[in-house]
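The following note collects points on the side-chain contacts and strand pairing of the structure shown below. Please read each point with the coordinates at hand.

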Amino acid sequence: CFSSSLLSFSPNVCAMQQIKGTDKKYFTNCKQWYHRKICSQPTVITYECCPGYEKIPGEKGCPAALPLVNIYNTLGVVGATTTKMYSERAQLKEEIEGPGSFTFFAPSNEAWAALPTEILDALVSNVNIELLNALHYHMVNRRLTSEELKHGSSFASMYQDSHVHIHHYSNGIITVNCARLIKPDQHATNGIVHVVDRVITAISNDMQAIIDIDDDLETLRTAFAAAGLTSILENEGQYTVFAPTNEAFEKIPAETLNRILGDPVALRDLLNYHILKNMQCAESIVSGTPMETLQGTVLEVGCDGNQMTLNGKAIITKKDQLGTNGVIHYINELLIPDSAKTLLELAEGSSVAMATKLFVEAGLTTHLTGSEALTMLAPLDEAFKGSVTMTPDMRKLMTNHIVKEQMSSKSLYHGQELETLGGLKLRVFVYRNNLCIENACIAAHDKTGRYASMFTVDKVLTPPMGTVMDVLKADDRFSLLVGAIQTAGMTELLNQQGTLTFFAPTNDAFNALGQAELNKLMRNPGELSGVLRYHLGEGMLVSGGVGSHTRLKPLQGEKLELGRNYTVYVNKVPVAHADLMATNGVVHAVSSVIKPLRESQQAHPHCLQTELRSQHRTEVSC
């Protein structure tokens, strides 16, 4: 808490964040508003007197400093009356009233009430020695303020020097043996009291020992032994293990489970994916946070109300089982990392349901479930238009969506060629804002499986079927353009090897010129060649490579200005049909002949953007 108040001129006032509808409170400051929510539950901010201060009628804030009393009496002041009562019963009262300097982690009244009846009965009926031992374990024989409770530190308690383990998290939460300090820094004449939200017990077993003795974790125990990972659970450290119960393993299809259990590499990855590098008590989590696992990727550890969550799912059944080298949380669902999955399992866990169905229908299942090094190019569901049925052509197309090597998109380079299972060569295009394979651009992070990888792409691939000239001849929309190309003597240019981007005017574009102008143009091969060359850009630019303002140098004339506003525009002309792929370029159909922009428009990208909007009938001035 802080005494420089949030309320102006109100001394010694502390801000508290309380979960609505509960008594659960968190000391807070300007850095820790937790977005006005804790574990997805709305909170209210309240203000209370900081520890050791109280109000004076008619004055602002909490100006009155209370006289310090000994620890025994401080327990009453802070409302830990059950701990106070048990201290008297265990004959601890004299010790905590007398000389010394102690730290007492005092369980709240609710903490005692939450103990199972049989444990509480055993504590308080055993000639008081068990109760005294339990209370001594809550004490350290020196004064420790919350500031001195450093993350990862431990202190010898007053019960046989058994250590208590401190974690001081970056969000301000402090725990001792995973119990949260709910009222820290309650000063006393002979020490300090920190009220905690549960009764803590001495820790003697490491995490391997905990797993060894719990029948619910028998399958996990076997898996750790098979993977040779038991030493991690026995070594010194501060780990978090999300321990799948036998039930969690039983939920996995037998074929998948047997494959992973029989593959030491996949099994090691699977188990390491359940272990965090740092110790996270349940009470330290107030919102979803990505945390690194020993496997190398991250788990989203969060909470929803009283439930702790993993990757957004409330699958944790038992929390905070403490070992000397970390904490175990039991889970009823196995977490399978991508690195232990087949290609089919990667696809089934992504938003590519239609592509997955088509790969299977195309008879490619053996490739998707085997140990071949492959890369799947999986189009998003929205990339498929209308109903799609399996035909010989579709089967061939899906085969060409699988590349023969396992790749990472980070290792792709411009001009690279990738060979597919169908024997086709696909080209890689690297742009400032995108990475594309033919007409399809990467739409999500790679998924890297055990042997194969998956790239999610935004379009269904349309592999090139011929040269630019072949593409134009095969499409009736370009019959006038084909005639114009032949008249201008440019047929060879569009058939030869190279990389061209052709903004190809359709018949509608030529007819819009009017018959007289069209005839005049067709009679002048030199002028016609100049017009057509202005529509041809140097290099290969698919629609995915066009940003909000992209420039392309034509074969003749000033630069072409491209933009994107729901569709692609070139010099203000919308592209009617993009990405007709050719072996030596790409064709984009346009419904108007493209004319050079005025100087002022070329100089100011904003003009292009606003004029693009004018296509939607917005009045514009530059």
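1. The model is a predicted one. It holds two aromatic pairs. The pair formed by Y86 and W112 is edge-to-face, with 4.8 Å from centre to centre and 70° between the planes. Distant parts of the chain are linked by this pair, since Y86 belongs to helix α2 (residues 81-89) and W112 to helix α4 (residues 109-113), 26 residues apart. Both Y86 and W112 are buried.

2. The other pair consists of F429 and Y431, whose ring centres are 6.5 Å apart. Their planes stand at 35°, so this pair is classed as tilted; the class covers angles that are neither under 30 degrees nor over 60. F429 counts as buried because its relative accessibility is 4%. Y431, at 13% relative accessibility, also counts as buried, as the cut-off for that class is under 20%.

3. Charged side chains are also placed over aromatic rings. K318 lies over the face of Y330, at 4.4 Å from the ring centre. R450 lies over the face of Y451, and here the distance to the ring centre is 4.5 Å.

4. Strand β7 (residues 102-107) deserves attention for its burial: six of its six residues are buried, and the strand is mostly covered. F102, F104 and A106 point one way from β7, while T103, F105 and P107 point the other way. The residues of both groups are all buried.

5. Which strands does β7 pair with, and in what sense? With strand β13 (residues 191-196), β7 runs parallel, and six bridges join the two. One of the contacts places V196 of β13 as the bridge partner of P107. With strand β8 (residues 139-140), β7 runs antiparallel, joined by two bridges. In β8, V140 stands opposite T103.

6. A further element is an open sheet of four strands, in the order β15-β14-β20-β19 and with mixed pairing. The edges are occupied by β15 (275-276) and β19 (316-323); each has a single partner strand, so one side of each is left without a neighbour in the sheet.

7. Within this sheet, β19 pairs with strand β20 (residues 326-331) in the antiparallel sense, over five bridges. Q321 stands opposite I328 in β20. The contact of K318 with the face of Y330, noted above, may be examined alongside this strand pair.

Note on methods:
Residues are numbered from 1 along each chain as its sequence is written. This is a predicted model: local features need pLDDT of at least 70, side-chain atom pairs count only at pLDDT 80 or more; totals for chains, interfaces and linings use all residues. Side-chain values use heavy atoms; hydrogens and water are left out. Rings of Phe, Tyr and Trp (its six-membered ring) pair if their centres lie within 6.5 Å; planes under 30 degrees apart count as stacked, over 60 as edge-to-face and the rest as tilted. Buried means under 20% relative accessible area, exposed over 50%, partly exposed in between (1.4 Å probe, protein chains only). A charge sits over a ring if NZ of Lys or CZ of Arg is within 6 Å of the ring centre and within 35 degrees of the ring normal. Two strands pair if DSSP finds at least two bridges between them.
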